[in-house]
Amino acid sequence: MTQHSALSTQHFLIETRALVKAYGLLPVLRKLDLGITRGEFVALLGPNGSGKSTLLRLLAGLSKPTAGQITIGGWTLPDEAAAVRAQIGMVSHKVLLYENLSAHENLRFFARLYNLPPAGVDARIAELLEQVGLSRRAADPVRTFSRGMQQRLSIARALLHDPDILLLDEPYTGLDVDASSVLDGLLRDAHAGGRTILMTTHQLDSAAALAGRVVILSRGGIGYDAPTAGLDGARLSAIYTETTSMVSAR
Amino acid sequence: MKTPFFKAVLSIVRKDIQIELRSRELVSSMGLFALLSILIFSFALELDRTARQEAISGVLWVTVVFASILGLNRSLAMERDQGNLDAMLLAPIDRVAIFFGKLAGNLVFALVVGLLLLPIMTILYNQNLIRPWLLLVLLLGTFGFATIGTLLAMMTVQTRARESLLPIVMMPVALPVLLAAVRASTNILAQNPIADWIAWPQILVVVDIVYLVACYLLFEYVIEE
């Protein structure tokens with residue numbers, strides 16, 4: 001097991017220190033220390049209930065920690081949440097879109113919420129819709145889209161304000177093979193554009209193929225943390241099983 | 001870095017109205033419910049003309065309140081079900097702007113239904129309800145309901161029994177508004193001297209301000225887990 005041990009010496013874009021989150025008496029994250037450098041693509045794995053989504057919600061400022069510290073781009077959560085939120089884009093297994101609005105109207109609404117300059121908004125929306133392959137469906141209501149199309153639009157929404165950080169919470173949920181492959185391409189492009197990506201997923205093949213580093217959460221802490229170099233889906237699957245079963249056996 | 005407060009509020013109101021114009025889900029269901037209610041009340045009170053005259057303000061407010069509850073549930077469920085509330089919470093806006101945006105939208109829809117009711121009830125109950133003071137009381141009462149209702153609906157929409165829970169939670173809290181609105185409306189329709197009932201609209205204004213301040217202070221806690 002390789003531990004990411006340089007937490008105190010490196011300069012991280014995202015950093016949690018002794019992070020604790022409990023729901024009532026039930027602790028989900030227990031003194032979690034995690035650092036992610038600028039430009040990294042980290043896959044966050046773990047069984048259901050291991051705290052992956054909770055960690056992402058904490059990093060996005062959607063939830064407040066019970067104890068510990070979160071710093072993103074030099075800003076501290078929850079005190080400087082607005083500054084942090086401006087540099088985060090989030091994609092969830094829920095699409096976070098209004099199904100009665102068209103693709104263009106959805107993006108326009110979020111552009112206003114992110115205070116994008118009105119002059120460039122239409123061009124930015126057109127560029128993103130082109131990027132996610134939805135230009136021809138820009139005027140159609142989102143309810144007429146397939147799940148894969150909705151997820152692509154969700155990525156466009158997350159990229160609208162050109163964030164430094166993308167948080168992806170099980171973005172492959174409900175996607176078929178083709179849609180997953182399109183999503184892979186979009187995530188590669190987003191990463192190639194210099195973004196820092198933290199993605200929770202149960203798709204070990206995608207995690208091994210896309211991410212540069214994999215972190216496995218177990219019992220509210222980090223059970224495994226290492227680069228993905230030399231790892232394929234099968235090897236990662238073995239590591240995942242070993243890490244999570246070790247925890248279950250305790 | 002933050003989006004200006006009023007820009008965020010206006011964006012949310014505009015979005016809600018745009019969705020409503022597209023889907024016509026809220027106003028049509030609220031309007032249909034309201035129409036059925038006043039028709040049923042009209043038939044139920046048909047035999048006793050005096051009782052019907054005296055019950056008009058009660059019928060009006062019961063109908064407005066329950067139609068508003070219907071709209072509040074749907075309006076907030078739309079934000080919760082697709083995770084859109086999270087999407088708004090992710091934006092660099094004052095969180096209370098979400099409350100004011102949703103409040104303004106809910107108020108517009110409830111007022112539309114309330115204003116449609118007045119001419120229909122004027123015909124059905126054979127009494128003129130289109131009076132300036134009644135319009136003012138309708139505005140103040142609906143504002144009070146929409147304010148406290150938006151906050152409470154934001155809470156109950158996270159529960160499984162949201163459809164039944166909202167009226168149960170809302171009625172005791174909204175009782176001062178209902179009481180003041182019904183008393184004011186009864187006096188206006190009875191054409192009593194203004195000095196006899198002006199205290200009720202004044203109470204409505206005070207209660208509305210108290211609700212607004214309380215909701216402003218509590219909203220951030222309500223949307224936290």
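This report walks through some local features of a predicted two-chain model, from a helix and a sheet to the chain contact and a few backbone details.

Residues are numbered from 1 along each chain as its sequence is written, and chains are lettered from A in the order in which they are written. Because the model is predicted, local features need pLDDT of at least 70 and side-chain atom pairs count only at pLDDT 80 or more, while totals for chains, interfaces and linings use all residues.

**An enclosed helix**

Let us start with helix 1 of chain A, residues 52-59 (helices, H or I with at least four residues, and strands, E with at least two, are DSSP runs numbered from the N terminus). Eight of its eight residues are buried, so this helix is largely enclosed by the rest of the structure. Buried here means that 20 or more other C-beta atoms, placed from the backbone, lie within 10 Å of the residue's own; exposed means 12 or fewer, and partly exposed is in between. Among the buried residues are K52(A) and R57(A).

**The six-stranded sheet**

Chain A also holds an open sheet of six strands in the order 6-7-8-3-9-10, with mixed pairing (two strands pair if DSSP finds at least two bridges between them). Strand 6 (88-91) and strand 10 (221-227) stand at the edges with a single partner each, so one side of each is left without a neighbour in the sheet. At one edge, four bridges join strand 6 to strand 7 (residues 165-169) of chain A in parallel, and G89(A) stands opposite L166(A). At the other, six bridges join strand 9 (residues 213-218) of chain A to strand 10 in antiparallel fashion, with L217(A) and I222(A) as bridge partners. Both faces of strand 6 of chain A are covered: I88(A) and M90(A) on one side, and G89(A) and V91(A) on the other, are all buried.

**Where the chains meet**

The contact takes 25 residues from chain A and 24 residues from chain B, counting residues whose C-beta atoms, placed from the backbone, lie within 7 Å. Helix 2 (81-86), strand 6 and helix 3 (103-113) of chain A each supply at least two residues of the chain A side.

**Backbone details**

A cis peptide bond joins L77(A) and P78(A), with omega about 0°. P78(A) lies in the loop between strand 5 (75-77) and helix 2 of chain A. Positive phi values appear here:

| Residue | Phi |
|---|---|
| G61(A) | about 80° |
| R24(B) | about 50° |
| N126(B) | near 55° |

R24(B) counts as exposed, with 12 C-beta neighbours inside 10 Å, and N126(B) is exposed with 11.
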